Amino acid sequence: MQIISDSDHYHEYFTSRTEVPNNEHYLEKPPKFLQKATKDNFMYEGHFHEAVGKILLIAQCFAMMPVRGVTMSHPRYLSFSWTHIRTIFCMIFITCSTVDTFIAIYKVLNGPITFNNIEPMIFRITILIVCVCALHLARQWPELIVHWYNLEQQLPPYPSQKDKRRMADKIRMVFFVGMMLSLAEHLLSVTQAIYYAARCGATSDPVKNFLLIASDHLFYIFPYSYWLGWYGKLLNVMSTFIWNYMDIFVMIMSIGLTHMFKRVNENLEKFKNKQMPAVFWAERRVQYRNVCILCEKVDNAISMITMVSFSNNLYFICVQLLKSSNNMPSAVSVVYFYFSLIFLFLRSLAVSLYAAAIYDESRKPLRVLRSVPKESWCLEVKRFAAEISSDLVALSGMKFFHLTRKLVLSVAGTIVTYELVLIQFYERTNLKYYIYIYISYILSVLYKSLNTKQN
């Protein structure tokens, strides 16, 4: 009876976070901020929560994902509070970013409207949308990760410590490479601005020239101020991090979901061509279905971020390709431009491929089911195969399109087509031409993706 009672407590904990069992394990205190490292600090359990904890902590330094307990060993410590310092910091940045965006819009509307002028406005609007979406996601994060953790407990166990580390190592590698490349791009941008300020500055003060370039939209309204200039530069640095982080975040979530399907597939591969009872296939089908439900929950939570990330990359690819026909004033500008263009291409491709891997992994169980011996063929196998064949398991952009490999090819063709159209309107200065081209571009991508989904 005691075993049954403990099992009931265990089930209640994972189905409702409002009640915690009176058990010594669950009353574990959070670790101190500074303490001596032990062997347990270098061991992994293979959970998504522990793989992304430090990455989310870094994001919080730039006003993203204000969730408490991200570095704790168990997701039960996760919580969100409007009055916490993390959330207040996030709200302050959103407020400053909103004011900064309106100033940029005001400058664009009161001057000549060209691609070079509206690009900073699009950039700031994108950052503002992502910050608001991240704040909304932070409210859902504790419940989402607890559900994710519960599902991980139900999947087949890892065979070794190396397999437990695999997902965390891959996520940290993607984060490190992505942020180092984005840092290099930003340093090249600063170098270009310093070079221009030194050679073509409006004043004899190089620092003032640099700040006038870095925060030109602020000084379009306000008189020059040393502190206002550095305030604008600080906002720019944080916005640049968020601009790159939203792509990396989509990749990280995609890696986590892909890894869940891989665990199911690797376990199924062990029983390929073997005779197994119907109850075995029923259990595997339930595991697969639970992962699909998790994928849908994650997609509902981050679909707006995915939509902004995808459309933002497409817009800036078109703009950068259009700028490639311009003459570069210096070697510094050439290095910065082509490094930025290549990095943008690679980052967009990486987001698409990592997200498309979810769909690819979700289809792999069909290979095992098609090799089931006829002696083991049963209704559960047929039902399992039918679910895999009929379902489209993938991340989406607000349900308008799903990220698969076919979409990557469709978008590549669309970029070439509309780049030719953009060149024809490049000399126009009327805003309606840019709006017409951009809306037509997005609609064509959505149309092709919907056709791909139906096929």
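Student: Does Cys295 count as buried or exposed?

Tutor: Cys295 counts as buried, because its relative accessibility is 3%. The cut-offs are under 20% relative accessible area for buried, over 50% for exposed, and partly exposed in between (1.4 Å probe, protein chains only). Before we go on, note that this is a predicted model, where local features need pLDDT of at least 70 and side-chain atom pairs count only at pLDDT 80 or more, while totals for chains, interfaces and linings use all residues. Residues are numbered from 1 along each chain as its sequence is written, and side-chain values use heavy atoms, leaving out hydrogens and water.

Student: How much of the chain is buried?

Tutor: Of the 455 residues in the chain, 49% are buried.

Student: Why does Cys295 not form a disulfide with Cys292?

Tutor: A disulfide is a covalent bond between the sulfur atoms of two cysteines. The rule here asks for a pair of cysteine sulfur atoms within 2.5 Å. Cys292 holds the cysteine sulfur closest to that of Cys295, but the distance is 7.1 Å, so it is too far for a bond. Cys90 also fails, because its closest cysteine sulfur, in Cys131, is 6.3 Å away. By this rule the chain has zero disulfides.

Student: Which secondary structure elements does the chain have?

Tutor: There are 13 helices and zero strands. These are DSSP runs numbered from the N terminus: helices are H or I with at least four residues, strands are E with at least two. Helix 7, for instance, spans residues 226–269 and holds Met238.

Student: What does Met238 touch?

Tutor: Contact means heavy atoms within 4.5 Å. Leaving aside residues up to four places away in sequence, Met238 touches Cys61, Phe62, Ala63, Phe89 and Phe93. Phe93 is 145 residues from Met238 in sequence, yet their C-alpha atoms are 9.2 Å apart. Met238 is also buried, because its relative accessibility is 9%.

Student: How many residues are in the largest nonpolar core?

Tutor: A nonpolar core is a set of buried Ala, Val, Leu, Ile, Met, Phe, Trp, Tyr and Cys residues joined through side-chain atoms within 4.5 Å. The largest one has 101 residues, and Phe48, Trp141 and Tyr245 are among those with the most contacts inside it. A second, separate core has five residues, including Phe210 and Leu211.

Student: Which residues form a nonpolar patch on the surface?

Tutor: Met173, Phe176, Val177, Met180, Leu181, Leu183 and Leu187 do, with about 620 Å² of accessible area together. That area comes from the Shrake-Rupley method with a 1.4 Å probe, and for residues only the protein chains shown count as cover. Patches take residues with over 30% relative accessible area and no salt bridge, joining like charges within 9 Å and nonpolar side chains (Val, Leu, Ile, Met, Phe, Trp, Tyr) within 5 Å. Phe176 lies in helix 5 (residues 161–200) and counts as exposed because its relative accessibility is 53%.

Student: How many salt bridges are there?

Tutor: The count is 14, where a salt bridge is a side-chain nitrogen of Lys or Arg within 4 Å of a carboxyl oxygen of Asp or Glu. Asp216 and Lys107 make one, at 2.7 Å from N to O. This pair links distant parts of the chain, 109 residues apart: Asp216 is in the loop between helix 6 (206–214) and helix 7, and Lys107 is in helix 3 (residues 85–109).

Student: Where do Glu380 and Arg383 lie?

Tutor: Both are in helix 11 (residues 379–390), three residues apart, about one turn of the helix. Their closest N and O atoms are 3.6 Å apart, in a salt bridge. They also belong to a salt-bridge network with Arg285, Arg289, Glu387 and Asp391.
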